[in-house]
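Me: I would like a close look at a single part of this structure, beginning with one side chain and its surroundings and then moving outward to the packing of the rest. Please take it slowly and keep the description connected.

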Amino acid sequence: MIDISRRSLLATGTLGLGAFALPGFAGAQNVLAARGFTHSVASGEPGPDEILLWTRYVPTRGDTAELRVELAESADFARIAAGGAQITGPWRDWTAKITVTGLKPGRTYHYRFVAPDGSFSPVGTTRTLPDDAATQFRAAIFSCSNLGFGWFNAYGHAAARDDLDLWVHLGDYFYEYGAAYYPSSAEAVVGRVPQPAGEIIHLADYRLRYASYRADPDLQALHARLPMIAQWDDHESANDSWEGGAENHDPAKEGEWNDRRAAAIQAYREWMPVSDEPWKAYDIGMLATLYRTESRLLARTRQREMEEFIKAPDVAAALTAFRDRDWQDPAVTMLGSQQEAWLAHGLRASVGAGKRWQVVGFGTVMGELRSPSESTGWLKPGNSGAAAYVKAGIAAAKLGMPSNFDSWGGYPAARRRFLDSARAAAANLILISGDSHNAWAFDLAQDGAGVGVEFAGHAVTSPGYETAFAAAPATVARGLVAANSELKWCDTSRRGYMALTITPDRATNEWLFVDSIRTRSPRANIGHFATVQRGRARMEE
């Protein structure tokens, strides 16, 4: 273990507090000593004529480095189509992000970075968004990738495909916990231990956690294969985060929340191929507009935790008081009024411009999910914590409330405002969401009228309902669908990713399930698919 002060860490631009084994790489590599292009390449923020390109380069000497990037339509770089340059250094953890313009729509480009000494980075491929003539677009959709629980086989499977235009990550790209907490030592896969060992709190910690995750070979392969659109959820900062704090943040022990939040945002913007805009719209020709949103750190009102009701002397009475007083408060917001207005205007503008679909990405599930009364019978014996949570969820359901207040179910007035804006715009609405670790398909309704569909994705590795339930997944699914009118299908036991295909008049979502996450394997299969016809606002039966 190398001991190094935080001051010298910031001064030299090194990443962490010691040596560690890079996951998926043979042997141990000292990140403090890593030089050159340390984490391959990545791309993101695509447009019809531009793309953002990312790398990280640490020189053998000096406190700055000027990098160039080259793009070409051919793998041999015989003709350079575009390029750019940037100076990087320890102030940005030696990362570089260069937005290149003047590109052609719907084209695949090869790109590479050039170091001051003339050495090249690994070559990546990326793709611009299409022009108005496009008739199909396909995106892979991910969320909740906890390295400790297993291998990122979902990333590896998507990276090997040749039919994807883009990948979207809806949050929980990594997790902030220390070793042996989530997962526990008994749950963790051997060799899948991210660094630093403790919970990440300071800027150096967040940087090292990114470095650890980004060493994963399947994640590197996907980053180098396709452009990315990414948004954070809570674990990129701390569990159940909101504007003024987080469930997993103790100011008395861990300092001011605003300092930790700023560190999390800075490291995210350094290490991810993203712009600094908090939210953004992407036009996919005339097929769709895709909206990247922010619903955690900038304006979100503090959510209520089910644990506080479980601890109440009378759970039903505490839930009733919450329902009648605070639950429907119009001041409680996920997005904040500025982003709500932007999104409402954006939906109208997209429809007015003739875009066929409006696709909105949210970090958490919007569809109604209430606990069936029989769900206590699904539990594994001996898990008192899960039993208390399920019983509280059943009590909430009897009062017309969801089992999780950290999702849109805890923000009903904000949900109504969004769905009202989509209905007023006559949007052909598709929501894509993550966070829950399970797979869901919802027909979203407001005042009895269909507004759109939601395709909610399962986790890359993070565990779902199967950890608490002994009942067969098919039994759990039948009970949940029967108890929730918006829910049309679910899977509560498998990991993987979604693939959304958009055509002018039809959108189809596939839920792909990997064979395993305990061992590294590229195999996955389509476990379910759902289709919605434009203008129908509900899935086909």
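Reply: In this predicted model, a polar atom of the side chain of glutamate 45 lies 3.1 Å from the backbone nitrogen of serine 275. Glutamate 45 belongs to the loop between β1 (36-44) and β2 (50-58), and it counts as buried because its relative accessibility is 4%, under the 20% cut-off. Leaving out residues up to four places away in sequence, glutamate 45 touches Glu50, Ile51 and Leu52, and also Met228, Pro273, Val274, Ser275, Lys280, Tyr282 and Arg292.

From this loop one can turn to the nonpolar packing. The largest nonpolar core has 49 residues, and those with the most contacts inside it are Phe142, Tyr155, Trp167, Tyr210, Leu222 and Met272. The elements that give two or more residues to this core include the strands β8 (137-142), β10 (227-230), β20 (496-502) and β21 (506-514), together with the helices α2 (153-159), α3 (203-213), α4 (217-225) and α6 (257-271); of these, α6 gives the most, with seven residues. Phenylalanine 142 shows how this core is put together: apart from its neighbours within four places in sequence, phenylalanine 142 is in contact with Ala154, Tyr155 and Ala158, with the run Trp167, Val168, His169 and Leu170, and with Leu222, Val460 and Tyr497. A second, separate core of 39 residues includes Val332, Ala422, Leu444 and Leu480.

Aromatic rings form a further theme. Phe142, Tyr155, Trp167 and Tyr210 are also among the residues that ring pairs link into a cluster, along with Phe152, Tyr173, Phe174, Tyr213 and Tyr497. Phenylalanine 152 has arginine 192 lying over its face, at 5.0 Å from the ring centre, and arginine 112 lies over the face of phenylalanine 120, at 4.1 Å from the ring centre.

The count of aromatic pairs comes to 29. One of them is the edge-to-face pair of tryptophan 440 and tyrosine 465, with 5.9 Å centre to centre and 70 degrees between the planes. Tryptophan 440 lies in strand β17 (residues 439-446) and tyrosine 465 in the loop between β18 and α12 (473-483), so this pair ties together parts that are 25 residues apart in sequence. The two partners have unlike surroundings in terms of accessibility: tryptophan 440 counts as buried because its relative accessibility is 0%, whereas tyrosine 465, with a relative accessible area of 27%, is partly exposed. Tyrosine 465 also pairs with phenylalanine 469, and since their ring centres are 5.6 Å apart and their planes stand at 90 degrees, this pair too is edge-to-face; phenylalanine 469, at 12% relative accessibility, counts as buried.

The last element to consider is strand β16 (residues 429-433), in which five of five residues are buried. In a regular strand the side chains alternate between the two faces of the sheet. Both faces of β16 are covered, with Leu429, Leu431 and Ser433 buried on one side and Ile430 and Ile432 buried on the other. Along its edges, β16 runs parallel to strand β15 (residues 357-362), to which five bridges join it, and glutamine 358 stands opposite leucine 429 in β16. Five bridges likewise join β16 to strand β18 (residues 449-456), again in parallel, and here the bridge partner of isoleucine 432 is phenylalanine 455 in β18.

Technical notes. Residues are numbered from 1 along each chain as its sequence is written. This is a predicted model: local features need pLDDT of at least 70, side-chain atom pairs count only at pLDDT 80 or more; totals for chains, interfaces and linings use all residues. Side-chain values use heavy atoms; hydrogens and water are left out. Buried means under 20% relative accessible area, exposed over 50%, partly exposed in between (1.4 Å probe, protein chains only). Helices (H or I, at least four residues) and strands (E, at least two) are DSSP runs, numbered from the N terminus. Two strands pair if DSSP finds at least two bridges between them. A nonpolar core is a set of buried Ala, Val, Leu, Ile, Met, Phe, Trp, Tyr and Cys residues joined through side-chain atoms within 4.5 Å. Contact means heavy atoms within 4.5 Å. A polar contact is a pair of N or O atoms within 3.5 Å; within protein, one must be able to donate a hydrogen and the other to accept it, and residues adjacent in sequence count only if both atoms are side-chain atoms. Rings of Phe, Tyr and Trp (its six-membered ring) pair if their centres lie within 6.5 Å; planes under 30 degrees apart count as stacked, over 60 as edge-to-face and the rest as tilted. A charge sits over a ring if NZ of Lys or CZ of Arg is within 6 Å of the ring centre and within 35 degrees of the ring normal.
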